[in-house]
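Visitor: I'm new to this structure and would love a close look at one part of it. Could you pick a place where two elements meet and walk me through it?

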Amino acid sequence: MRRKIVFYLILSFSFLTGIRSQGQATPSEALSLFKAGKYAEALPIYEKLLERKNRDADYNYYYGVSLFKLNQSYDEAIQRLKIAASRPPEADVHFYLGQLYQRVYETQLAEEQYQLFLKKQKGNNEMTDRAKRAIEDCQAAERLINKHFNIEVIQKDTIDKADLLTYYHLSKDAGKLLTAGEFFSVGVHPDQIVFRTERSNEVFFPLLGSSGKYDLYKIVRLLDAWTEAEFLEGSINSDYNDLYPFMLTDGTTIYFSSDRPGGMGGLDIYQSFFDPQSGTFSEPANLGPPFNSPDDDYLLVPDIYAGRAWFATNRGVGSERLVIAEIVWDDQVIRNLTQNVHQIKTLAALPVSENALPRASSTLSSRNAPKKERKTELFRFQVSDTLVYTQFEHFQSKEALSAFRDGFTISQKRDSLTLLMGNKRKAYSQSYNQQELKQLIEQIVALEKQTYGLEESINSHYQKARRMELDHIRQQIREGRYAPKTSTQKMPDQPTELQTILANLKKGELSFYTDAEFQRKMEERAPMYRTLFNPSQIAELQRADSLSVWANILSLESARLLEESRNITTQPVNLKDRITNGSDIEEEMSQQMEDLIHQSREYKRNSLILYEQALDHKYRLYYERALALGASSNQAGSEELASHARTRYNEADESIKRLQTYHPEQLERLLALKRQSNEMLEESLNIQMAGTAQAMVTSPASQTGTRFTDISGSVAPSYPAIHKNEAGVATGQPARRDETPSDIVAGAFATAQPGTGQTEPATTQTPMPLEYRIQIGVFRNEPNAAALANIPQISSEALPDKPLRKYFSGSWPAYETAKSQVENIREAGFPGAFVVAFFNGQQISLEEARKKE
């Protein structure tokens with residue numbers, strides 16, 4: 001009998017175990033595993049439970065947190081925790097949502113979740129401190145992810161932490177990595193990594209301070225001994241952990257890792273420069289993605305002799321594992337503007353390049369694997385959209401090569417002087433010694449004088465080289481002798497940023513899709529294009545015009561979507577929907593709003609990219625043509641316009657390069673300067689084109705300046721006449737010297753009464769058959785009097801049913817004559833000025849007016 005009872009007990013226990021093994025464990029058992037930190041065991045149980053109750057807040061919370069703890073499926077974890085947030089079993093659901101959003105680079109959403117978490121907390125604890133620091137990291141990451149480095153991953157391995165150094169294969173001339181235990185007998189933690197320079201005369205290492213944080217030190221070898229540990233001076237050390245130093249063979253550039261604020265989270269890789277004169281290191285620069293992430297990233301070790309670099313990260317792996325990435329280290333490792341968050345996510349995954357070396361089956365074979373031959377690029381000189389030179393031997397024309405060498409030599413001088421000047425300025429900002437400050441000022445001023453004008457000289461040589469090379473290639477093509485040199489062509493396997501944007505344009509989804517603006521611009525510029533440019537250049541210019549139109553369409557679409565996202569939050573939710581869908585409807589609305597905002601930002605970024613590409617293309621063609629025409633022409637005003645355009649364009653271009661983060665408003669303002677430079681060049685070209693139809697004469701009745709008289713006999717005011725008010729522009733009457741700006745404005749809006757000499761506000765005008773004016777704006781109040789005093793006669797008309805008036809300047813019978821004054825009026829203080837047409841007193845389209853001329 002006892003044996004039967006024992007048998008039944010064993011059978012029952014086996015049956016229950018079998019049920020548990022089939023995923024039938026209870027919620028209480030899953031919770032016990034979760035609270036014990038056994039997330040890998042709790043995860044499949046919650047997965048089974050969710051199959052039965054997919055919307056259960058508790059199950060979703062524990063399942064989502066388990067995924068996060070195991071570094072698995074961040075996107076799914078976010079969706080689970082968003083469901084759990086409606087009725088969370090724990091108050092920290094927003095903290096974990098913040099952590100997840102941060103790891104998928106949705107920094108604004110992460111910050112919102114951290115703020116919600118802090119709002120619901122009472123008092124401070126370790127988790128609230130972590131949330132506050134995470135908000136700082138998100139704000140810093142928002143700036144950092146706007147730019148990224150282009151890297152080519154050759155090989156990637158997931159390893160144990162203990163094997164870290166076995167995957168770094170430095171050349172002998174690059175120095176050596178060691179564990180502290182291999183070099184120091186005492187004083188430094190034996191597991192810390194130290195770096196010994198190639199000459200073995202310096203060792204850089206971290207040392208634990210009394211605050212419990214690591215700082216960076218070095219020791220220097222004397223004849224028969226080592227010096228005492230020297231604290232690295234400057235901003236390189238902080239109140240936080242500073243570790244993993246590596247100094248390049250130039251003795252100036254150092255890479256290290258730190259968890260200081262201003263990074264993306266965890267340990268981040270930084271770059272700093274040593275100034276031998278002051279003996280200090282510069283303010284470190286965070287390298288941003290893909291080197292850095294919200295996890296720990298460290299030990300970047302470039303080997304310039306092998307053209308390789310390595311760095312370590314624990315993103316996406318457990319606490320005791322690491323990912324080692326081996327990358328190509330050459331001139332192509334440069335920073336670029338980021339298109340969207342998806343791009344950062346892709347780069348952060350460190351995908352192995354398609355050209356990567358075959359993976360070996362063991363560490364030894366990987367270490368001895370033959371390296372792919374890759375010639376380091378000496379420079380990158382873009383000859384055309386499809387042709388890039390990286391070596392001197394790529395040039396076809398000897399004359400073009402000579403011009404390029406001149407520019408390249410000056411550019412090297414500029415770079416050296418700029419680096420030295422930066423170091424001097426940094427030293428000046430840190431010094432308190434008056435004598436030293438005086439010397440630094442003198443040195444900085446001297447360096448500024450040496451660098452002044454070098455940029456324009458470089459661009460001039462490069463533009464000359466580009467023009468000569470393209471002319472030579474065209475001649476070779478005509479003669480059937482053109483054969484491109486090796487590696488000069490851009491490889492078509494990777495689409496450019498511009499090609500990607502255009503390929504992804506879905507015109508059917510755009511509310512503002514129209515080609516009317518493009519058609520108008522084409523017709524307006526067609527005569528100048530046909531006269532001054534060859535067919536291939538015309539095609540490039542028309543393509544740039546098309547890009548400008550698309551940029552404007554995407555900008556309008558961005559504004560529409562942003563407005564639509566705002567309207568979602570104002571839509572009331574009726575009681576029926578709330579009862580039927582519960583909290584789901586709020587989640588759906590929130591998701592819709594997030595999607596619209598994301599798409600709006602995407603459109604805006606793409607709009608600015610297209611616009612800049614269009615402006616750069618046109619500037620290059622316009623400026624080269626203006627230079628060529630200017631060398632063989634003496635048309636007054638043309639050369640001055642081209643010079644001003646070049647200065648304005650270069651200032652804008654340099655300012656864009658200096659932008660540290662993606663800032664749409666700043667970028668738009670700078671692109672507006674580029675647009676103005678193109679308009680000035682266009683005006684310069686129009687002056688050249690009209691040279692045969694215009695005769696430059698000096699008015700005998702006026703000694704104030706030169707005027708242009710066109711073949712119809714109409715007189716257009718000269719630049720001095722407009723800006724200095726030295727002659728009556730509209731009426732031919734001299735301006736009174738005692739008139740104030742307000743007097744001039746009052747007179748501009750008045751007409752004389754016959755026989756009285758008195759004036760009253762103008763009510764009617766005798767219409768001209770056809771006239772062109774320049775619209776300066778629409779204003780509620782009277783425009784600035786001082787600005788109006790510097791432009792031709794003013795007229796205005798009220799807008800129907802609105803307390804606004806349109807203001808116009810001047811009156812000309814020919815379109816080209818009116819257009820020649822637009823830039824002058826813009827510079828006088830009305831940047832939005834443009835030409836409009838009137839016929840019989842009514843405003844008509846420019847297209848219609850041009851037909852009547």
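Guide: About 45600 Å² of the chain is exposed, and carbon and sulfur atoms supply 51% of that area. Please keep in mind that this is a predicted model. Of the 853 residues in the chain, 43% are buried, and the chain has 27 helices and 28 strands. Among contacts between residues at least 6 apart in sequence, 61% join residues at least 24 apart.

Now for the close look: let's turn to helix α5, residues 74-84, and helix α6, residues 93-103. Two packed helices are described by the angle between their axes and by the distance between those axes. Here the axes come within 10 Å and cross at roughly 155 degrees. Angles over 145 degrees count as roughly antiparallel, and α5 and α6 are therefore roughly antiparallel to each other. The crossing in which α5 passes α6 is left-handed.

Which residues of α5 and α6 meet? On the α5 side they are Tyr74, Ala77, Ile78, Leu81, Lys82 and Ala84. Their partners in α6 are Val93, Tyr96, Leu97, Leu100, Tyr101 and Arg103. Sorted by kind, the residues of this contact comprise 10 nonpolar and two charged, with no polar ones.

For another spot to visit, find Glu683 in helix α21, which covers residues 664-689. With a relative accessible area of 8%, Glu683 is buried. Beyond its neighbours within four places in sequence, Glu683 is in contact with Leu641, Lys819 and Ser820. Glu683 and Ser820 lie 137 residues apart in sequence, yet their C-alpha atoms are 6.5 Å apart in space.

How values were computed: Residues are numbered from 1 along each chain as its sequence is written. This is a predicted model: local features need pLDDT of at least 70, side-chain atom pairs count only at pLDDT 80 or more; totals for chains, interfaces and linings use all residues. Side-chain values use heavy atoms; hydrogens and water are left out. Axes are lines fitted to C-alpha atoms, for helices over the stretch in contact, and angles run from 0 to 180 degrees between N-to-C directions. Helices (H or I, at least four residues) and strands (E, at least two) are DSSP runs, numbered from the N terminus. Angles under 35 degrees count as roughly parallel, over 145 as roughly antiparallel, 65 to 115 as roughly perpendicular and the rest as oblique. A crossing is left-handed if the near helix is turned anticlockwise from the far one by less than a right angle, and right-handed if clockwise. Contact means heavy atoms within 4.5 Å. Ala, Val, Leu, Ile, Met, Phe, Trp, Tyr, Cys and Pro count as nonpolar, Asp, Glu, Lys and Arg as charged, and the others, Gly among them, as polar. Buried means under 20% relative accessible area, exposed over 50%, partly exposed in between (1.4 Å probe, protein chains only). Accessible areas come from the Shrake-Rupley method with a 1.4 Å probe; for residues, only the protein chains shown count as cover.
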